Amino acid sequence: MEISYLYTRKRSEFGRPCCFSDQAPTVNVDIPPDPGLAGSFVPRDPVHTSVQHSTEMSEHEVNTDRVKVQSRGVNHMEGGWPKDVNPREADQTARFRKKLEKDEHYVNIITQLGTLMKHCTKQNNAINIYEEYFEEEEMIEVEMEPPSAKTINAISKLTSLFGVLLSKRDPNAAKRTATHLSWCPNASKKLAVAYSILEFQQSKKDMSLDSYIWDLENSSRPEMVLKPPSPLVTLEYNPKDSFMLVGGCYNGQMAYWDTRKGQLPVEVSTVEVSHRDPVYGAIWLQSKTGTDCFSASTDGQVLWWDVRKLSVPTEKLVLDISRKGILKDALGAVALEFESTLPTKFMVGTEQGIVILCNRRAKTPAEKITCTYSGHHGPVYALSRNPMYPKIFLTVGDWTARIWSEDAKESAIMWTKYHSAYLTDGCWSPVRPAVFLTTRSDGTLDIWDFLFKQNDPFLSLKVCDEPLSSLRVQDNGRIVGCGSKVGTVSVMEISSVLCTLQRNEKNLANAMFERETRREKILEARHREMRLKERTRSESRVMEMEEAPAESPQEVFARTQKEFLEVIQAELRRKARAEAQQ
């Protein structure tokens, strides 16, 4: 490279700041125009020129690194007890307390702490800092709010007019149905999903048996994998302990997990004492230990279990409505319902469309089946009691959803219209007594508010193109989870107008339930009266026939011939009168 000019500077001047000053412009180069150069140009004809009348834009792509998230937790155990005392055993803690109360220093310490506690209690009772003074005004604002939804996550979202969905697919290649959903009870965003294939002989040899626990905050992969001995059909969190789950398997076994102890079940029932068909329902019971549950299956049995010892069921009930206890005559159970406020009662929905009301505390197995309700043309896929009025319950089957009252046994008090698609699941809203939700086989979620309108859903959402198979609402009533036949779980957040108790809603719903129940009772009484009259009439007709002397064949023929001729003569006279009038 040839150096055209060389700049030199002393070493001492390096780093010296530059001093700039204003100065007049100077001309360094001046090239005047030369007309003689015009003859050197060659004109081009024709000239093709393209012009694009748009703004020039550039496209850039940026791919950010995925953030790896790990879930960690701390298990806090009750402290302050000696090593030889188990805080979970009531007998040991009671004995330790009695021993401590006999100590000499116990009374002095309690006296000192009592003064401080008394002061704090008076301070708290002076004013309630959490008191709501304007509840009515807030309800009015919510009542006027139109239906809407907010985005809860932007992962694989499916946007509709009313909501944005978060979709989680089964990680396995084989498309398995999301048969059951269960929300974690401690108000977290964890969702347990049971996956299995319920179609007969559709299971593959290499099909995965796993079910998963998802976290909505990190839905890219499951938070925990549950490994049952057979595909899970139902899966339920323990309402008292968020670490415990119970599941019913496709082969009829029961399994119990403690998430602190890993992916494998802690206890599994043996095949010999388990159900003979898939377990479609498993519910935890209210007990002192918090380890009792019961299950139902299409084999016609309801079994009670203690998950600490699943080697044998604690109790058994055969769903034979003839009350003979014959297993081959039992009705297969596909839905199970239990309300903690009614600890002795539970309900079972069967494959034959009959709902069986049972009482566990009855003395004999025959007395345990209290009564039945029949109203569906097919299996009862969902059964749910109203959270505020336990005597009112919802059933979902065939093409309708029906609302029943325990007092009206012959017919439902309310029902939806017949849909074009099959209904697959349904439940009540946990916070509003007049709102319930249903899913359909065409992938639609319907939200009904019968105080608003009874003929059509208040809100319908097209969740997916595949049939929806399961539905579960979180305890706050705002988050709704739907499972599909191909294993996709869609989570939606509905607007506050659908999950906030409205003014006088309890009174209006109760009045409607009582009015419809009273109407059904009147209709039932009328039908019984008509049946009694018909029975009396038929019995009197039979008695008359028995009292009348028996006719010979000749007499019967003569009487029949006479009646026939009389009919012919009457018809001829009618025609003669008609011709005379013309």
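In this predicted model, L565 is part of helix α6, which covers residues 553-581. The side of L565 that faces outward can be put in numbers: its relative accessible area is 46%, so the residue counts as partly exposed. L565 also belongs to a nonpolar patch on the surface, where it is joined by F564, I568 and L572. Together these four residues make a patch of about 390 Å².

Charged side chains offer a second theme. Side chains of opposite charge can pair when their charged atoms come close. The structure holds 30 salt bridges by the rule applied here. One of these joins E236 and R472, with 2.9 Å between N and O. E236 sits in strand β7 (residues 232-237) and R472 in strand β27 (residues 468-473), so this pair ties together parts that lie 236 residues apart in sequence. The two partners can also be described by their exposure. E236 has 11% relative accessibility and is therefore buried, while R472, at 26%, is partly exposed.

Helix α5 provides two further pairs. R528 and E524 meet in a salt bridge with an N to O distance of 3.9 Å. Both belong to helix α5 (residues 505-547), and because they are four residues apart, about one helical turn separates them. Here, too, one partner is buried: E524 has a relative accessibility of 8%, whereas R528 is partly exposed at 44%. The other pair is E529 and R526, whose closest N and O atoms are 3.9 Å apart. These residues are three positions apart in helix α5, again about one turn of the helix. In this case E529 is partly exposed at 37%, and R526 is partly exposed at 43%.

Salt bridges can also be followed from one residue to another. E337, K345, R385 and E406 are linked in such a network.

What about the cysteines? A disulfide is a covalent bond between the sulfur atoms of two cysteines. A search of the whole structure found zero disulfides. C427 illustrates this result: the nearest cysteine sulfur belongs to C482 and is 8.8 Å away. A disulfide requires two sulfur atoms within 2.5 Å, so C427 is in no disulfide. Is C427 buried or exposed? With 13% relative accessibility, which is under the 20% limit, C427 counts as buried. C19 gives the opposite picture, since its relative accessibility of 76% makes it exposed.

Note on methods: Residues numbered from 1 in each chain as written. Predicted model: local features only at pLDDT ≥ 70, side-chain atom pairs only at ≥ 80, totals over all residues. Heavy atoms only, no water. Patch = residues over 30% accessible without salt bridge, like charges linked within 9 Å, V, L, I, M, F, W, Y side chains within 5 Å. Areas by Shrake-Rupley, 256 points an atom, 1.4 Å probe, with all protein chains shown as cover. Salt bridge = Lys/Arg side-chain N within 4 Å of Asp/Glu carboxyl O. Helix = DSSP H or I, 4+ residues; strand = E, 2+ residues; numbered from the N terminus. Buried < 20%, exposed > 50% of the residue type's maximum accessible area, 1.4 Å probe, protein only.
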